[in-house]
Amino acid sequence: TGFLIASDWHAEETVKASTVLGLNEFNLEISEQRIKNFFSNAVYMIKKKPVDNLVVGLLGDMIGGYIHDELAQTNGLSPMQGVAFVISGLKAIHDELPELQKIVVVGICGNHSRTTKRLQFNNGFALNHEYFLYKDIEQTLTLMGLTKFEYVIPEGDLAYLDIYGKKILFAHGFQFRSSGGVGGLYPAML
């Protein structure tokens with residue numbers, strides 16, 4: 001079983017080089033190229049080291065949304081356009097890797113794609129663009145007849161998968177406070 005993890009793409013956001021001393025830049029063209037590279041590199045790596053099963057963890061903030069007023073003014077796309085923008089690559093994995101027996105897509109909502117100012121826990125999924133992104137992926141690939149896919153799209157902010165008798169936790173990470181340090185998230189998770 002291979003794991004393909006995607007998180008924090010903020011695909012529709014814009015960073016102008018002029019605002020960061022020319023040290024960085026991000027826009028829709030760069031985002032699109034990174035998404036294409038992500039999936040083509042995944043196919044390349046799996047062809048080099050074949051697996052029977054693949055878990056694709058989409059761990060949130062695939063889009064940035066309008067969590068901050070500034071993003072509503074500077075993003076290259078609206079949140080709903082951003083949702084449509086990031087749906088790519090999964091069909092290519094299916095088509096280019098016929099040896100895969102099963103592809104499990106885990107869709108966890110991030111904190112930036114919500115439609116509310118503050119995180120909401122009881123109904124946060126219902127107010128998050130990414131939840132509907134993941135449900136759209138599920139519906140679209142099902143309508144296309146791609147039967148190797150299974151979906152884990154929780155209404156909460158965590159998901160567990162049992163992989164060979166081990167529980168694997170999927171989370172965006174906003175729930176954990178680590179205060180930095182050498183151990184990163186690990187001490188906080190313990």
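Student: Why does Asn75 count as buried in this predicted model?

Tutor: Buried means under 20% relative accessible area. Asn75 has 12% relative accessibility, so Asn75 counts as buried.

Student: Where is Asn75 found, and what is Asn75 in contact with?

Tutor: Asn75 is found in the loop between helix 2 (69-74) and helix 3. Once neighbours within four places in sequence are left aside, the contacts of Asn75 are Glu12, Glu13, Thr14, Gly65 and Tyr66.

Student: What makes the pair formed by Asn75 and the backbone oxygen of Gly65 a polar contact?

Tutor: The cut-off is 3.5 Å between N or O atoms, with one able to donate a hydrogen and the other to accept it. A polar atom of the Asn75 side chain lies 3.0 Å from the backbone oxygen of Gly65, and 3.0 Å is within that 3.5 Å limit.

Student: Let's try the opposite case. Why does Thr147 count as exposed?

Tutor: Exposed means over 50%. The value for Thr147 is 72% relative accessibility, so Thr147 counts as exposed. Thr147 sits in the loop between helix 5 and strand 4. Its C-alpha atom is separated by 15 Å from that of Glu96, 51 residues apart along the chain.

Student: And why is Asp8 called partly exposed?

Tutor: Partly exposed covers what lies between the 20% and 50% limits. Asp8 has 38% relative accessibility, so the label follows. You will find Asp8 in the loop between strand 1 and helix 1.

Student: What is the phi of Asp8?

Tutor: Phi of Asp8 is positive, about 60°, although Asp8 is not a glycine. Most residues other than glycine have a negative phi. Tyr164 also has a positive value, near 50°, and is a residue other than glycine. Tyr164 belongs to the loop between strand 5 (158-163) and strand 6 (166-171). With 64% relative accessibility, Tyr164 counts as exposed, because the limit is 50%.

Student: On to the helices. How do you know that the length of helix 1 agrees with what is expected?

Tutor: Helix 1 (residues 28-48) has 21 residues, which should span 30 Å at 1.5 Å a residue; the end C-alpha atoms are 30 Å apart, so the two agree.

Student: Which residues of helix 1 are buried, and how do you know that they are on the same side?

Tutor: The buried ones are Ser31, Ile35, Phe38, Phe39, Ala42, Val43 and Ile46. They cover an arc of only 115° around the axis, and therefore they lie on the same side of helix 1. Glu29, Met45 and Lys48 are exposed on the other side. The cover over the buried residues includes strand 1, strand 2, helix 3 and helix 4.

Student: What caps the N-terminal end of helix 1?

Tutor: Asn27 does, with a side-chain oxygen 3.1 Å from the backbone nitrogen of Glu29. That value is within the 3.5 Å limit for a polar contact.

Student: What is found at the start of helix 5, and what follows helix 5?

Tutor: At the start, a side-chain oxygen of Asn128 comes to within 2.8 Å of the backbone nitrogen of Glu130. Helix 5 is followed by Gly145, which has a positive phi near 80°.

Student: How do you know that the reach of helix 5 is close to the expected value?

Tutor: Helix 5 (residues 129-143) has 15 residues, and 21 Å is expected at 1.5 Å a residue; from first C-alpha to last, helix 5 reaches 21 Å. Its buried residues include Tyr131, Leu133 and Ile137, and among the elements covering the buried residues are strand 2 (53-58) and strand 3 (102-107). Helix 5 lies across strand 2, strand 3 and strand 4, at about 160° to strand 4.

Student: What makes strand 1 and strand 4 edge strands?

Tutor: The open sheet has 4 strands in the order 1-2-3-4, with parallel pairing. Strand 1 (2-6) and strand 4 each pair on one side only, and these are the edge strands. The twist from one strand to the next averages 20°.

Student: How do you know that strand 3 and strand 4 pair?

Tutor: Pairing needs at least two bridges, and 4 bridges join strand 3 to strand 4. In strand 4, Glu150 is the bridge partner of Val104. The covered face of strand 4 holds Phe149 and Tyr151, while Glu150 and Val152 are on the uncovered one.

Key: Residues numbered from 1 in each chain as written. Predicted model: local features only at pLDDT ≥ 70, side-chain atom pairs only at ≥ 80, totals over all residues. Heavy atoms only, no water. Helix = DSSP H or I, 4+ residues; strand = E, 2+ residues; numbered from the N terminus. Expected span 1.5 Å × (residues − 1). Buried < 20%, exposed > 50% of the residue type's maximum accessible area, 1.4 Å probe, protein only. Contact = heavy atoms within 4.5 Å. Axes fitted to C-alpha atoms, helices over the stretch in contact; angles between N-to-C directions. Arc of directions from axis to C-beta.
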